[in-house]
Every structure is written in C-alpha cells, then in structure tokens.
Amino acid sequence: MSRTLQAQVLIVGAGPVGLTLAMDLASRGISVLVVETRFRGEPPNVKCNHVSARSMEIFRRLGVATTLRNAGLPEDHANDVSYRTTFTGEELSRIPIPARRERYTATGGPDTWWPTAEPPHRINQIYLEPLLFAHAQAMDGVRILSRTRVDDFTQDDDGVQVTATDLETGETLQLRCHYMIGCDGARSAVRKAIGATLSGTDVVGRVQSTFFRAPDLLARAKHRPAWATFSLNPRRCGNVYAIDGHETFLMHNYLNAGETDFEAVDRDWALRTILGVGADFNYEIISKEDWVGRRLVADKFRDRRVFICGDAAHLWIPMAGYGMNAGIADAMNLSWLLAGRLNGWATQAALAAYEAERQPITEQVSKFAMNHAIALQKEREGVPAGIEEPGSVGAAARAVAGKALYDLNVKQYCCGGLNFGYFYDHSPLIAYDEESPPSYSMDQFTPSTVPGCRTPHVWLDDGRSLYDAMGPEYTLLRLDPAADAQPLIQAAKARGVPLTVLDLKSRQAAGLYRHAFVLSRPDQHIAWRGDCIPQDPLALMDLVRGALIG
Ligand SMILES: Cc1cc2nc3c(=O)[nH]c(=O)nc-3n(C[C@H](O)[C@H](O)[C@H](O)COP(=O)(O)OP(=O)(O)OC[C@H]3O[C@@H](n4cnc5c(N)ncnc54)[C@H](O)[C@@H]3O)c2cc1C
C-alpha cells in the first residue's frame, strides 16, 4: 500500500525559488509539502552569485537575511567588478561594490543610493541554498521530502493528486494538495505537463563554465581581489567569480559567435589564457558545466490549480545576476495570492493575477538580459588593438576599453531598475488612477506610489525601516493623521481581508507619498491610493481580493 500525505500546497523542487515560496507560504499560515530529488540540504551546482536587494528585502521579512548576509565571501572581501586584460594582467577599470562589512554603511557607489533596508548580497548558490533549506525546514508548516521525485499528477475540482517516488526505497507516495507549484527548474516536467511551451530566442550565447581550486591564483594577480574579474584580450575573454574568497573560483568562458561545439574549445588553454598564466600554474577542476544562454518565456504560467515559477517558467542568460532573483519575485507574487485564497479572503479568480502580472515582467527582464549579452559580445569581438602593449599607446587603449566596459556593465551589476523599477500595469487586482508609472531601465528607476509600483521604501522618523513596520498582509499607510480610515477598516473586516493601518511618519516620505492614503499589498506593491477613502470601500476591497473579476 502506498503512503498518502497531504498539505495545502505542494511545491515541486527545493531550489532557491521553491524554498523561498515554501517559507513565505508558511509565514502566512499555509501548510506546505516540498518534494525534492536531491539529498537533504545537498548544495546545487555552482551557479548564481548574486542575491538582489529585492530578494534580500524578502529574506529580511522571512527572518533569514542576517544568516545569509553573514555567509559567502569573507566580510572584508571586495565585491567589486574588475576589468583587466587577464586575471593577472593590467586593470582597465573597476566598478566599486562594497564588501559586506561596509554594505549597510557605504555611500557614494553606483548601488549605494538605493532606497532599501537591504542592499544586494554576493554569495554563491552553493552556500545560499543549504541556508535557505535549513531555515525552511525549521519553519512550522513546512515539510520537505528529500530524495523524492514527483512523477505525475491529476487535477479535479477540489485539488491535485500527485504520485511521487521515494528514491531511496522505491516506494510510491500519494500526495494530495489544494494547489501545486512547479519550481522544478529549467527542464520542468510540470511545465510540460500543463501544456506550457517556451518561446523566444533559443541561443543567445554558449558558455563553458569551470569551477576550480587554485590556492596560488590571488598571489599572482597585480591588483587587489574583486568579486568578479573580467578578462578582455584578443585571444580569449571570460569572467572569473570569487567563490570562497581564497582559493575557489568559477570561470565563465564566453564562446565566440562561430564556436558552436563546446568540445572544440580547449578548456585548459582557455582557462590559462583568461587567467594570463603559463604551464607552471596548477589548478584542480572541482566541476564543469557547458551551457547555452537562452531567452525563453513560457506561454502560460498556470493550468487551473497548478502553477510554475522560476526557471520552470522562464530562462535567460543570467546577465545582471537576475535569473534566480526573478524567480523569487515570481514566488512572492504568487504566494500571498494563494495564501489569501486558502485563508478564505481572496477569490479563486484572483489567482489569474499571477500570470497577468508576472509574465510581462519576465518578458521585460529577459530582453534586458539578452540585449546586455549581445552588447557584451560586441565588446569581446572588438578588443582594441594594443590593449596589452606597455607604454602610452597601450595605456590609452586600456583607458578607452575600461571606460566602455564600466559604462556598459555598471548597469548590470548595479541594476536598480531590475530590483525596484518594475510595475504591474495590467492587473485585475489593482485600482489604477490617471498617473502612469515612471519608466525604468536596467539600472535606473524612480520610486513612485503609482498603483502597481513597489511601495517606496523610506526610513521612519523613529529609525525603523518602513517594511519592518508594515503588517504581514495589506497595509494602509496613512500620511494625514486626521484622515478617517474607518470606512476602509470596516470594509476590510467585512470581507475578511487582513489589514494593518500604519501612520507613516517619515521625513523621507515628503514629496514621494503625495496622497493621504496608500494601500500596500502583501507583496509590497501598491494596490490603491487616494486623499480620502472611496465612497464605496467595499468595492475597493472586492477589487483587491479578486471578487470583481469576470
Ligand atoms: C552559470 C550560471 C550562473 C548563474 N548566475 C546567476 C546569478 O548571478 N543570479 C541569478 O539570479 N541567477 C543566476 N543563475 C540562474 C539561477 O541559478 C537559476 O535561475 C536558479 O537556480 C533557478 O532556481 P529555481 O529554484 O527556479 O530552479 P532550480 O535551482 O533549478 O531548482 C529546481 C529544483 O527542482 C528539483 N526537481 C526537478 N524536477 C523534480 C521532480 N520531478 N521532483 C522533485 N524535484 C525536482 C531539482 O532537483 C532542483 O533542486 C545562473 C545560472 C547559471 C547556469
């Protein structure tokens, strides 16, 4: 007889997206079963190196930001990006990014101006994921089945019936849930099973990646260490990420346009050329992976009770370090909606907002990433002659290339727009007004209270972060303490919508928050604003909980 387990939500995949989704759902009182083929807490392949500020804001709310911030590179290791002729060659330019010791206090850098309590964090996924796993596993309401594979599922009016296999014993498990989310990565079986197809650009670039140990490498470099070190020379260009800050590194060798066969490119030669070292240099390969950078987005993110999030829903070359982080943003968009539904105040129809809101954003981010990859390829193909020459001719070529690389790449490494600039402009759950949201680019954005935008972060006059002071679900921010919020409070009560009222006392809010009331959603995007509570506050509550859809 097969075992049967139940939870309100079943998540397929305990990658960073699945784990964050599980934590957020559990924090909203939902029981979650996470199914993962890997061993308990087993690290993934060495991949993502950047946790965005927006993701760190979420981790702060979930109580795990400090744990993550204290891990990764040593606290005094520069998080800079250094452009050089080779790793051991001349430096062309450097993007300054604070080490984690100075991360909360640094000023004057290209990413230190952002209005947030949690700036970005550089940590590799091999360190990040086990910490997320441990945090999720310790939460009430989360149960993780490791070494278990989801094989199949069917849906009915009340829920999803899932068949899984315990990979240790071979036992078949029957799992029952109200909703299932495929966070099962690039090869997602859930995506295929719901009939979603990926479309976009199949090949943006090919990358030969090598994770290696080289205790002598840092001593050979002329310049102080960086988090990412990009080599630009006529022979071979590539990027090297510091992983432990001492002896382990991840190298991405970006293949040239005509190089379609990974095997035809000599890995050892390319690695030595990018590093600028000879035959006397010793290193040990820890792992290697050859991968194709794509720009693909699923044509649908949902089939009735089953959803997809993260790499299962979209894949692109992780320029701007925005693959995992976009997936976490998906998860946070879906989580409160599902919790609202399961807690009884959001309608089934409200769940349509997930695809309506997130699919356009993933299209936008995927295009930013692809366009950046193409621009970077042009830089690699146009290496100035004489870049490695000594003397003034070489110095001039290096200065020109260094500036071009800085100007291009500061946008991806300090991508404020991707973090905070996106807005949901076609949502069935948002009360739009006459003002349009400010446009954004990869690096630039303008904080705004236009409905659909991220609730602008400010520090309160009492020193707290606005986000720390807001409620866990909807928060009505009151700018005018004399304004009467009672009609909306009563309407929320009548409809069961959890609402916290917060008097926003912040000098930083002046000029930015221009209305007496701003209604912030559980995912910290703005649902409505106004100078007085609407004549029909019940209608506003019905809009935000999806009761007016259809
Ligand atoms: C070289 C490289 C560098 C990158 N750098 C960055 C970066 O700097 N910043 C960034 O944001 N992103 C980066 N990314 C992308 C990032 O790694 C992914 O976007 C991220 O891992 C996606 O997370 P996920 O949880 O959606 O999927 P995954 O991490 O792929 O997790 C999916 C999980 O599902 C499990 N699973 C699959 N099928 C089943 C099943 N049937 N049953 C049970 N479990 C299942 C898998 O074992 C896996 O653990 C990079 C990627 C690569 C390849």
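Is R147 buried, exposed or partly exposed? R147 counts as partly exposed, because its relative accessibility is 21% and buried would mean under 20%. The legends below, all drawn from a predicted model, begin with the whole chain and then turn to single residues and one helix.

**Figure 1. Overall view of the chain, with its 14 helices and 24 strands.** The C-alpha trace spans about 75 × 65 × 35 Å along its principal axes. The radius of gyration is 24 Å, which agrees with the value near 24 Å that a compact globule of 550 residues would have. Of these 550 residues, 59% count as buried, and the accessible surface of the chain comes to about 21,000 Å², with 50% of that area belonging to carbon and sulfur atoms. When contacts between residues at least 6 apart in sequence are considered, 73% of them join residues at least 24 apart. The chain carries 57 positive and 64 negative side chains, and the centres of these two sets lie 0 Å apart.

**Figure 2. Close-up of R84 in strand β5, which comprises residues 81-84.** R84 counts as buried because its relative accessibility is 1%, under the 20% limit that the term requires. The side chain of R84 makes a polar contact with the side chain of S82 at 2.8 Å, and the side chain of R84 also reaches the backbone oxygen of R224 at 3.0 Å. Beyond its neighbours within four places in sequence, R84 is in contact with G89, E90, E91, L92 and R94, and also with A221, H223, R224, T229, F230, S231 and L232.

**Figure 3. Close-up of T112 in the loop between β6 (91-95) and β7 (121-122).** The side chain of T112 reaches two backbone nitrogens, that of G108 at 3.2 Å and that of G109, which lies 2.8 Å from a polar atom of this side chain. With neighbours within four places in sequence left aside, T112 is in contact with P98, R103, A106 and T107.

**Figure 4. Close-up of G310 in the loop between β19 (306-308) and β20 (314-316).** At 1% relative accessibility, G310 counts as buried. The C-alpha atoms of G310 and G18 are separated by 8.4 Å, although these residues are 292 apart along the chain. Leaving aside neighbours within four places in sequence, G310 is in contact with V17, G327 and D330.

**Figure 5. Close-up of E363 in helix α9, which comprises residues 352-381.** E363 counts as partly exposed because its relative accessibility is 26%, a value between the 20% and 50% limits of that class. Apart from neighbours within four places in sequence, the contacts of E363 are with R295 and V297. E363 and L73 are 290 residues apart in sequence, and their C-alpha atoms are 32 Å apart in space.

**Figure 6. Close-up of helix α14, residues 537-544, which is mostly covered.** Six of the eight residues of α14 are buried, namely P537, L540, M541, D542, L543 and V544. These buried residues pack against strand β21 (474-478), helix α13 (486-495), and the strands β23 (517-520) and β24 (526-530). Just after α14, G546 takes a positive phi of about 85°.

**Figure 7. Close-up views of R147 and Q524, two residues other than glycine with positive phi.** R147, in the loop between β8 (142-145) and β9 (148-155), has a phi of about 50°. Q524 lies in the loop between β23 and β24, and its phi is near 65°. Whereas R147 is partly exposed at 21% relative accessibility, Q524 is buried, with a relative accessible area of 4%. The two strands that flank the loop of Q524 are also among the elements against which the buried residues of α14 pack.

Terms used. Residues are numbered from 1 along each chain as its sequence is written. This is a predicted model: local features need pLDDT of at least 70, side-chain atom pairs count only at pLDDT 80 or more; totals for chains, interfaces and linings use all residues. Side-chain values use heavy atoms; hydrogens and water are left out. Helices (H or I, at least four residues) and strands (E, at least two) are DSSP runs, numbered from the N terminus. The radius of gyration is taken over C-alpha atoms; the globule rule is 2.2 Å times the number of residues to the power 0.38. Buried means under 20% relative accessible area, exposed over 50%, partly exposed in between (1.4 Å probe, protein chains only). Contact means heavy atoms within 4.5 Å. Accessible areas come from the Shrake-Rupley method with a 1.4 Å probe; for residues, only the protein chains shown count as cover. Lys and Arg count as positive and Asp and Glu as negative; His and the chain ends are not counted. The place of a charge is taken as NZ of Lys, CZ of Arg, CG of Asp or CD of Glu. A polar contact is a pair of N or O atoms within 3.5 Å; within protein, one must be able to donate a hydrogen and the other to accept it, and residues adjacent in sequence count only if both atoms are side-chain atoms.
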